[in-house]
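Got your viewer open? Load the model and keep the selection box handy.

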Amino acid sequence: MNTEIRNHVEQLFEITPTKSDVSELKEELINNLESRYNDLVASGMSEAAAYKATIDSIGDIKELVGYSDEEKETLENDVKNDAVFKTICTALYFFAGIVFLGIGITSENLPNSDMITAIGFVVALIIAMVPTCMIVYRHTLKAKNHTVANGFKEWNDDNKSGDTVVEEFTEWNVKNKRESAILSAVQTLLWLVVVTVYLAISFFTMKWHITWLIFLIGVIIDCCIVLGFETSKRSRCPNGSFGYNKAQKAIKGNISAIIWVLAVIVYFLVSFSTMAWYITWMVFIIAACVQSISNLILTLSSK
């Protein structure tokens, strides 16, 4: 019956507006319906009755992916505002770099040039904090207003039954996008800090040949942050429900990224300190084994 469920959903989505994220929404919906059908059959319901109950639980697809003219106009305005906002932020970042370079160049022949350069770096950092705070604020504001911007009603409305799959999925999708906006803001702050630390340490130590490892450490921290968000999402999604499979896939991907970045860091540190390049490549074989074990544990834990 899973094929019949997929075909039915495909037919429903044929009458909906074409959007870039429709395919992802459709697959999430199909996964949820298939899990619901399997649960009904496992509970003792006949295949035909389970199929009918599953199809009847879908609800109005247009509520999920359809936009009214007013909503389309709102989205178009949001796109234009985002373009202006990103242009301003980019200009401020460039201005911060120009200030830093300008102070550094003009202070070369002055007494205490190193101190003046350090002051220029701090001034540039303060300027760069302005667009960063603007980005965080905008992401947070968009996350809070996402439900209104997309024309959704409050889910605690007494007249809202919330018992159809579409309504359940719509609520999940709103929460998911809100969390994604918050995650994006956190990542923006993280990489500003990483770049700042990299430049500060590099200029004060002049160890440019090794300070690039700071970016690898930044990747690990970034993956850990995403891992925390996805683990939180998965804990709120029972196996087979909306978002569970997507969160599980993201968790596996980020754990694998952490393992391989750590492998690269260990490889270079051990190789340069021992100069035993002929044997240190074994680090990557060990990393592959660790990745396989972690994937196996995650797979077994999801059963």
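Here is a short tour, from the whole chain down to single helices.

A few ground rules: this is a predicted model, in which local features need pLDDT of at least 70 and side-chain atom pairs count only at pLDDT 80 or more, while totals for chains, interfaces and linings use all residues. Residues are numbered from 1 along each chain as its sequence is written, and side-chain values use heavy atoms, with hydrogens and water left out.

**The whole chain.** Switch to cartoon and color by secondary structure: you get 13 helices and zero strands (DSSP runs numbered from the N terminus; helices are H or I with at least four residues, strands are E with at least two). Of the 303 residues, 35% count as buried (under 20% relative accessible area; exposed is over 50%, partly exposed in between, with a 1.4 Å probe and protein chains only). Now turn on the surface, which comes to about 17900 Å², 65% of it from carbon and sulfur atoms (Shrake-Rupley method, 1.4 Å probe; for residues, only the protein chains shown count as cover). Among contacts (heavy atoms within 4.5 Å) with a separation of 6 or more, 72% join residues 24 or more positions apart.

**Stop one: H3.** Select residues 47-56 and show side chains. Ala 50, Thr 54 and Ile 55 are the buried ones. They sit on the same side of H3, because their arc around the axis is only 130 degrees (taken from the directions from the helix axis to the C-beta atoms). Flip to the other side and you find Ala 48, Lys 52 and Asp 56 exposed.

**Stop two: H13.** Next, select 282-301, helix H13. Its end C-alpha atoms are 29 Å apart, in agreement with the 28 Å that 20 residues should span at 1.5 Å a residue (the expected span is 1.5 Å times one less than the number of residues). Which residues of H13 are buried? Val 283, Ala 287, Ser 294 and Leu 298. Look down the axis: these buried residues fall within an arc of 45 degrees, so they line one face of the helix. Show H10 (213-235), H11 (244-274) and H12 too, since the buried residues of H13 pack against them. Turned away from that buried side are the exposed Ile 293, Leu 296 and Leu 300.

**Last stop: a nonpolar patch.** Select Tyr 278, Ile 279, Trp 281, Met 282 and Ile 285, which form a nonpolar surface patch with about 540 Å² of accessible area together (residues with over 30% relative accessible area and no salt bridge; nonpolar side chains, meaning Val, Leu, Ile, Met, Phe, Trp and Tyr, are joined within 5 Å, like charges within 9 Å; a salt bridge is a side-chain nitrogen of Lys or Arg within 4 Å of a carboxyl oxygen of Asp or Glu). H12 (277-280) and H13 each give two or more residues to the patch. Finish on Tyr 278, which lies in H12 and is exposed, with a relative accessible area of 66%.
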